[in-house]
Amino acid sequence: MYKIAVVGDKESILGFSAIGMDMYPAYEEEDIKKIIPKLIEENYAIIYITENVSIKAEKYLEKLKVNKIPAIVTIPNNSGSLGYGGKRIKEMVQKAVGIEINFKD
């Protein structure tokens, strides 16, 4: 059975446990490099990562884009959106459908 995880600073991910997601605190790229392989091995299908941590580990996460599972989705942290997650979703949609989609800012 596939699972869902959320990775990021503890303050931002704490509430996700209330809806049944597994939490993995991470603050730096080194944390991500330790956590993500473990999650892949344990059959996590969706991994949400807060923007602030995702930005720090951008090059590492880019290498994982070739895999269909897990889906790695960038979400805002508790301070609000930096715009990075929306940019990544836009890029994924463009790649999937082959056309540019304009989002209202």
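Before I start, one definition: buried means under 20% relative accessible area, exposed means over 50%, and partly exposed is whatever lies in between. By that rule Asn-43, at 42% relative accessibility, counts as partly exposed, and I will come back to this residue once the fold has been laid out.

What you see above is a predicted model, and the confidence is uneven along it. The mean pLDDT of the chain is 83, with 75% of the residues reaching 70 or more. Among the elements, β2 has the highest mean, 96, whereas α5 has the lowest, 61. Where pLDDT is low, predicted coordinates should not be read in detail. I will therefore say little about α5, given its mean of 61.

Let me turn to the overall architecture. The chain contains 5 helices and 4 strands, and, read along the sequence, these follow the pattern β-α-β-α-β-α-α-β-α. Of the contacts with a separation of 6 or more, 60% are between residues 24 or more positions apart. Buried residues make up 32% of the 105 residues, and the accessible surface comes to about 6,800 Å², with 56% of that belonging to carbon and sulfur atoms.

Now the sheet, which is open, has 4 strands in the order β2-β1-β3-β4, and is paired in parallel. Because β2, residues 22–25, and β4 stand at the edges with a single partner strand each, one side of each is left without a neighbour in the sheet. On average, and ignoring direction, neighbouring strands are turned by 25° against each other.

Looking at the pairings of β1, residues 3–8, we find 4 bridges joining it to β2, with the two strands running parallel; within β2, Pro-25 stands opposite Gly-8. On the β3 side, 5 bridges join β1 to its parallel partner, and there the bridge partner of Ala-5 is Ile-47.

Which strands does α2 touch as it packs on the sheet? The helix is in contact with β1, β2 and β3, and its direction makes about 160° with that of β3. The buried residues of α2 are Ile-32, Ile-35, Ile-36 and Leu-39, and what covers them includes not just the strands β1, β2 and β3 but also the helices α3, residues 51–56, and α4, residues 58–63. As a check on the geometry of α2, its 13 residues should span 18 Å at 1.5 Å a residue, and the end C-alpha atoms are 19 Å apart, which agrees.

That brings me back to Asn-43, which lies in the loop between α2, residues 29–41, and β3, residues 44–50. Its phi is near 65°, a positive value in a residue other than glycine, and this comes just after α2.

Finally, a second asparagine: is Asn-77 buried or exposed? At a relative accessible area of 15%, Asn-77 is buried, because the cut-off for that class is under 20%. Asn-77 sits in the loop between β4, residues 71–75, and α5, residues 84–97. Leaving aside residues up to four places away in sequence, Asn-77 touches Asp-9, Ser-12, Thr-50 and Asn-52. So we have two loop asparagines, with Asn-43 partly exposed and Asn-77 buried.

Technical notes. Residues numbered from 1 in each chain as written. Predicted model: local features only at pLDDT ≥ 70, side-chain atom pairs only at ≥ 80, totals over all residues. Heavy atoms only, no water. Buried < 20%, exposed > 50% of the residue type's maximum accessible area, 1.4 Å probe, protein only. Contact = heavy atoms within 4.5 Å. Pairing = 2+ DSSP bridges. Axes fitted to C-alpha atoms, helices over the stretch in contact; angles between N-to-C directions. Areas by Shrake-Rupley, 256 points an atom, 1.4 Å probe, with all protein chains shown as cover. pLDDT = per-residue confidence, 0-100. Expected span 1.5 Å × (residues − 1).
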